[in-house]
Amino acid sequence: MIYLITGGERSGKSGYGQDLALSLSENPMYVATARNWDGDFQKRIDRHQKDRDEHWVNIEKEKHLSEIDFSGKVALIDCVTLWLTNFFVDTKNDVEACLELAKKEIELILEQKDITLIIITNEIGMGVHAATHVGRKFTELQGWMNQYLAKKADKVVLMVSGIPVPIK
């Protein structure tokens with residue numbers, strides 16, 4: 001089963017995803033994809049880590065999620081936007097290469113047996129138009145990846161102001 005939880009920044013995606021994971025497993029896996037860029041990001045990472053208690057199996061993985069054994073587990077991947085950012089930076093903003101690498105990782109994960117994935121992503125294209133060329137390229141990358149994930153997902157939920165709105 002694949003759940004895709006999408007929405008804007010601070011819309012309640014992570015909290016909803018965590019509650020869902022805990023309702024499906026006593027010891028879900030939390031896969032954090034953030035790269036620690038600076039002090040502000042470290043504060044964000046610290047806050048997210050405090051949100052998880054001893055029930056969680058915590059894994060930090062910046063890019064190669066397919067190296068994780070998801071078989072027979074409930075796993076929350078938080079989040080696609082940060083994960084794509086790592087590919088984007090490492091490929092020097094090559095949208096096609098990022099999309100190919102990210103899709104390959106997802107396909108390898110989906111080959112595993114008996115998995116339940118809860119994938120958190122952002123709808124960044126619904127906000128302000130990016131001021132830079134690189135920002136617009138990343139917005140396109142995120143949109144294409146979200147479409148790909150939504151097609152793969154069994155259920156898709158849009159979070160709006162903390163309210164889950166089922167869309168698939």
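Which residue in strand 4 does Met29 stand opposite? Select Met29 and look across: the partner is Ala75. Keep in mind as you click around that this is a predicted model.

**The whole chain**

Zoom out before going further. The chain holds five helices and seven strands. Colour from the N terminus on and you can follow the elements as β-α-β-α-β-β-α-α-β-α-β-β. The C-alpha atoms fill a box of roughly 45 × 35 × 35 Å along the principal axes. The radius of gyration is 15 Å, which agrees with the value near 15 Å that a compact globule of 168 residues would have.

Now switch on a surface. The chain exposes about 9100 Å², and carbon and sulfur atoms supply 53% of that. Buried residues make up 43% of the 168. If you draw contacts with a separation of 6 or more, residues 24 or more positions apart account for 75% of them.

**Strand 4**

Select residues 74-78, which are strand 4. Five of its five residues are buried, so the strand counts as mostly covered, with buried meaning under 20% relative accessible area. Show the side chains next. Val74, Leu76 and Asp78 point one way, while Ala75 and Ile77 point the other. In a regular strand, side chains alternate between the two faces of the sheet.

**The neighbouring strands**

Add residues 29-32, which form strand 2. This strand pairs with strand 4 in the parallel sense, over four bridges. You have already met one facing pair here, Met29 and Ala75.

Then add residues 116-120, strand 5. Five bridges join strand 5 to strand 4, and these two run parallel. To find your place, select Leu76, which stands opposite Ile118 in strand 5.

**Asn122**

Move on to the loop between strand 5 and helix 5 (133-152) and pick Asn122. Is Asn122 buried or exposed? Its relative accessible area is 11%, so Asn122 is buried.

Which side chains does the Asn122 side chain make polar contacts with? One is that of Lys13, at 2.9 Å. Another is that of Thr81, at 2.8 Å.

Finally, show what else Asn122 touches, leaving out residues up to four places away in sequence. Besides Lys13 and Thr81, you should find Thr6, Gly7, Gly8 and Glu9, along with Cys79, Gln142 and Asn146.

Technical notes. Residues numbered from 1 in each chain as written. Predicted model: local features only at pLDDT ≥ 70, side-chain atom pairs only at ≥ 80, totals over all residues. Heavy atoms only, no water. Buried < 20%, exposed > 50% of the residue type's maximum accessible area, 1.4 Å probe, protein only. Pairing = 2+ DSSP bridges. Polar contact = N/O pair within 3.5 Å; in protein donor to acceptor, adjacent residues only side chain to side chain. Contact = heavy atoms within 4.5 Å. Rg over C-alpha atoms; globule rule 2.2 N^0.38 Å. Areas by Shrake-Rupley, 256 points an atom, 1.4 Å probe, with all protein chains shown as cover.
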